[in-house]
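Welcome! Take a moment to look over the sequence and the model, and then let us walk through a few places together.

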Amino acid sequence: MARNLIRRFRLPAIQNDFDLAEWFRMPLKQLAWYADCRNIERTTHREPLRHYRYRLLTKRFGQLRLIESPKPRLKSLQRDLLEEIIGRLPPHSAAHGFRRGRSIKTNAMEHVGRRVVIRMDLEDFFPSITAARVRAVFLGVGYPRDVAELLTGLCTNAAPSAVWRDVTTGDRLAFNQASRYAVPHLPQGSPTSPALANLVTLHLDRRLSGLATAVGGAYTRYADDLVFSGDDQLARSAKRFCTHVAATAMEEGFQVNFRKTRIMHASGRQQVAGVVVNAHPNVSRREFDLLKATLTNCLRHGPESQNRTEHPHYRQHLAGRVAHFEMLNPARGAKLRELFEKIAW
């Protein structure tokens, strides 16, 4: 059955590790170094010998997020894997993030005009997905264990403890996070991580979709954001339903961040991944007014006056925000586009 999946999805028929090295057009020894199945990266102190560059970001509530960006050669290998293997495997239909033809708009469309919308968040999403779970994806497709081991190594990472040295002293929360990142996991910043996360969560998506269907509701997931919506039946049991979701997520190896759980009724604003879904997919008036003011000031005083965070690609940044509005609300987006085009860059 598994070998049939390789043929069904037109994946490379790789029989062993030597075949994989030949597929990558490099010696097996060099491929094994990039795959780092012995987790040497975790104890390497010299930056030139590492496969990743690291950047710590501060999140709300004092938590930290580690961005692990693969260096160019490893990133090139990962992109080959994404294009030829990982990207050809279909995730669950409820997954809307990191997929062709899916977006935050398609994610929002599933929840328009419902009596209640529930938004929940999976904590430390990428570091929660361990190498063992990634290996299971490759084994499940039908690749031999030695091939699956190398493929897993290319797509996972164990971050060096030195990256956390300045923030873990006396901080138990940061220490616990550092311990999680020290175990081989999906690195946030790798091109293969989002698609692999969708594949690893296939069983979770099936179960949560079943829970939603049982109460006459809908379910979607955009990366680590879980969204449920429904009418009377879900509205009556919303809190109990959230408990069932959290228990299911825990059984599947994930942890719900309860501080980010939101139960939103139709009488108030229902927002999913920044998209208002009460009547139709839309952006909030406040966000529209803020961006309009920014563009107006760029037009009057120059874009440098508004780039207070010194964004290195400020024009592209604003263009992306305008395009976001155009996708969700073409009429409002057209007004912003008109302002954007008049700015003297």
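## A guided tour of the model

F258 is found in the loop that runs between α14 (238–251) and β6 (262–265). Please keep in mind that the model is a predicted one. With a relative accessibility of 54%, F258 counts as exposed. Its C-alpha atom is separated by 9.4 Å from that of C242, and the two residues are 16 residues apart along the chain.

Another loop residue to look up is V277, which lies between β8 and α15. Is V277 buried or exposed? At 0% relative accessibility, V277 counts as buried. Leaving out residues up to four places away in sequence, V277 touches A108, H111, V112, G113, V117, Q270 and V272. A246, in turn, is 31 residues from V277 in sequence and 24 Å from V277 in space, C-alpha to C-alpha.

**Aromatic rings**

A pair of aromatic rings is described by how far apart the centres are and by the angle of the planes. Searching the whole structure gives 11 aromatic pairs. In one of them, the ring centres of F288 and F325 are 6.3 Å apart and the planes stand at 45°, so this pair is tilted. F288 belongs to helix α15 (residues 285–301) and F325 to helix α16 (residues 314–328), so the pair ties together parts that are 37 residues apart in sequence. F288 and F325 are both buried.

F288 has a charged partner as well: the charged end of R332 sits over the ring of F288, 5.2 Å from the ring centre. Elsewhere, F125, F126 and F254 are linked into a cluster by ring pairs.

**Helices that pack together**

Two packed helices are described by the angle between their axes and by the distance between those axes. A good place to begin is helix α7 (residues 131–141) with helix α8 (residues 145–155): their axes come within 9 Å and cross at roughly 130°. That angle makes α7 oblique to α8. The crossing of α7 and α8 is right-handed. On the α7 side, the contact is made by A131, V134, R135, F138 and L139, while α8 contributes R145, A148, E149, L151, T152 and C155.

Helix α8 also packs with α3, at an angle of about 50° and with the axes 7 Å apart. This makes α3 oblique to α8. Which residues meet here? From α3 come L28, L31, A32, Y34 and A35, and they meet L150, G153 and L154 in α8.

**A covered helix**

How many residues of helix α11 (residues 193–200) are buried? The helix is mostly covered, with 8 of its 8 residues buried. By name, these buried residues of α11 are S193, P194, A195, L196, A197, N198, L199 and V200. The elements that cover them include α7 and α8, which we have just visited, along with α4 (72–84), α6 (125–128), α12 (202–214) and β4 (218–222).

**Two residues with a positive phi**

Most residues other than glycine have a negative phi. Against that background, N39 and A273 are worth finding in the model. Phi of N39 is near 60°, a positive value in a residue that is not glycine. Likewise, A273 is a residue other than glycine with a positive phi, near 50°. Where do they lie? N39 has its place in the loop between α3 (28–35) and β1 (52–58), and A273 lies in the loop between β7 (271–272) and β8 (275–276).

**A strand residue**

L57 has its place in strand β1. Not counting residues up to four places away in sequence, L57 touches Q63, L64, R65 and I67. L57 and I67 are 10 residues apart in sequence, and their C-alpha atoms are 7.5 Å apart in space.

The small table below brings together the accessibility of N39, A273 and L57.

| Residue | Relative accessibility | Class |
|---|---|---|
| N39 | 26% | partly exposed |
| A273 | 30% | partly exposed |
| L57 | 31% | partly exposed |

Terms used. Residues are numbered from 1 along each chain as its sequence is written. This is a predicted model: local features need pLDDT of at least 70, side-chain atom pairs count only at pLDDT 80 or more; totals for chains, interfaces and linings use all residues. Side-chain values use heavy atoms; hydrogens and water are left out. Rings of Phe, Tyr and Trp (its six-membered ring) pair if their centres lie within 6.5 Å; planes under 30 degrees apart count as stacked, over 60 as edge-to-face and the rest as tilted. Helices (H or I, at least four residues) and strands (E, at least two) are DSSP runs, numbered from the N terminus. Buried means under 20% relative accessible area, exposed over 50%, partly exposed in between (1.4 Å probe, protein chains only). A charge sits over a ring if NZ of Lys or CZ of Arg is within 6 Å of the ring centre and within 35 degrees of the ring normal. Axes are lines fitted to C-alpha atoms, for helices over the stretch in contact, and angles run from 0 to 180 degrees between N-to-C directions. Angles under 35 degrees count as roughly parallel, over 145 as roughly antiparallel, 65 to 115 as roughly perpendicular and the rest as oblique. A crossing is left-handed if the near helix is turned anticlockwise from the far one by less than a right angle, and right-handed if clockwise. Contact means heavy atoms within 4.5 Å.
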